[in-house]
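Here are some short exercises to try with the sequence and the model side by side. Have a go at each one before you read its solution.

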Amino acid sequence: MKKILYMLLLSPIFTISQNIGDFYQGGIVFYLDNSSITQKGLILDTSYLEATYSWSSQDPLISDWGPNLHYCNGTEDESIGGGKNNTLTFEQDHSGSDYAANLCFNSSSGGFSDWFLPSINELWQVMLNINTIDSAINIYGGEIIGQNFHWSSTQVLVDSSGGDIRYAYGAWPYTNIGPYITSKSKNTAYLVRSIRCIDNDCSFLLPTIIKEYNEKKKLIRVVDPLGRLVGNLTNKLFFYLYDDGTVEKIIIIE
């Protein structure tokens, strides 16, 4: 018995790593961070969340982001790992409501209760992996990525540099140039797809990830806070949108 116990104590402990496209912990893995000892990642729900309020009689799968004239402080996080806090903050500010973040917060899909509305950079990772996600959905069941605009949990920042309290960010999955990020009025109804972190661990190593993005990313377009293409760049607030989903807020004063 002692010999067996000794052998067990000396045996290495193996962990099984996940891959993008795997079905794991209630959904489809669409983002992985292997920069630390423990693998971290993001999981997409296999289906869209139905509205709990009749925002639209034509489509039961679309919901408003929130009241367009109310600024929800603490929901401006754009980062990978930031969607959970955005959602929790919104839920505290609008407890018991029927908005996009509330649907995710209250979801128990797959037996898990830690779903949230993705931040804009988390949502962008979904858009970058549409083909892999749809292939996995076709195997495991669920709903493939829809054509319509998708809400993120990231509200347009309003500070001394500008911003508009009426808008929040989201992404179009299919256009003639591929997916892209823009902002929409918060009181309009669009698709809601929840995500969660592997093992409920959203502590991603952001500085490393952002550095890698900055080395590879390409500028897609320059837009104003309403998502319109920008011509004159002086004395205005505008945003650089990159192909990796990152957004830089810029203002040039002359």
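The exercises below go from the whole chain to one sheet and then to charged pairs.

This is a predicted model, in which local features need pLDDT of at least 70, side-chain atom pairs count only at pLDDT 80 or more, and totals for chains, interfaces and linings use all residues. Residues are numbered from 1 along each chain as its sequence is written, and side-chain values use heavy atoms, with hydrogens and water left out.

**Exercise 1. Find how many helices and strands the protein has, and what share of its residues is buried.**

Step 1: The protein has six helices and 12 strands. These are DSSP runs numbered from the N terminus (helices: H or I, at least four residues; strands: E, at least two).

Step 2: Of the 254 residues, 49% are buried. Buried means under 20% relative accessible area, exposed over 50%, and partly exposed in between (1.4 Å probe, protein chains only).

Step 3: For a local example, take strand β7 (residues 180-185), where five of the six residues are buried. Strand β6 (residues 167-172) pairs with β7 in the antiparallel sense over six bridges, and W172 has Y180 as its bridge partner.

**Exercise 2. Work out the strand order of the open sheet of four strands, and which helices lie across β2.**

Step 1: The order is β1-β2-β3-β9, with antiparallel pairing; two strands pair if DSSP finds at least two bridges between them.

Step 2: β1 (23-24) and β9 (195-197) are the edge strands, each pairing on one side only.

Step 3: Two bridges join β1 to β2 (residues 27-33), and F23 has I28 in β2 as its bridge partner.

Step 4: Helix α4 (residues 120-128) lies across β2, β3 and β9, at about 110 degrees to β2. Helix α5 (residues 130-140) lies across β1, β2 and β3, at about 145 degrees to β2. Axes are lines fitted to C-alpha atoms, for helices over the stretch in contact (heavy atoms within 4.5 Å). Angles run from 0 to 180 degrees between N-to-C directions.

**Exercise 3. Locate the salt bridges of K40 and R196.**

Step 1: The whole structure holds three salt bridges, each a side-chain nitrogen of Lys or Arg within 4 Å of a carboxyl oxygen of Asp or Glu.

Step 2: K40 pairs with D201, with the closest N and O atoms 2.6 Å apart. K40 lies in strand β3 and D201 in the loop between β9 and α6, so the pair ties together parts 161 residues apart in sequence.

Step 3: R196 meets D114 at 2.6 Å, N to O. R196 is in strand β9 and D114 in the loop between α3 and α4, 82 residues apart.

Step 4: R196 counts as buried because its relative accessibility is 2%.
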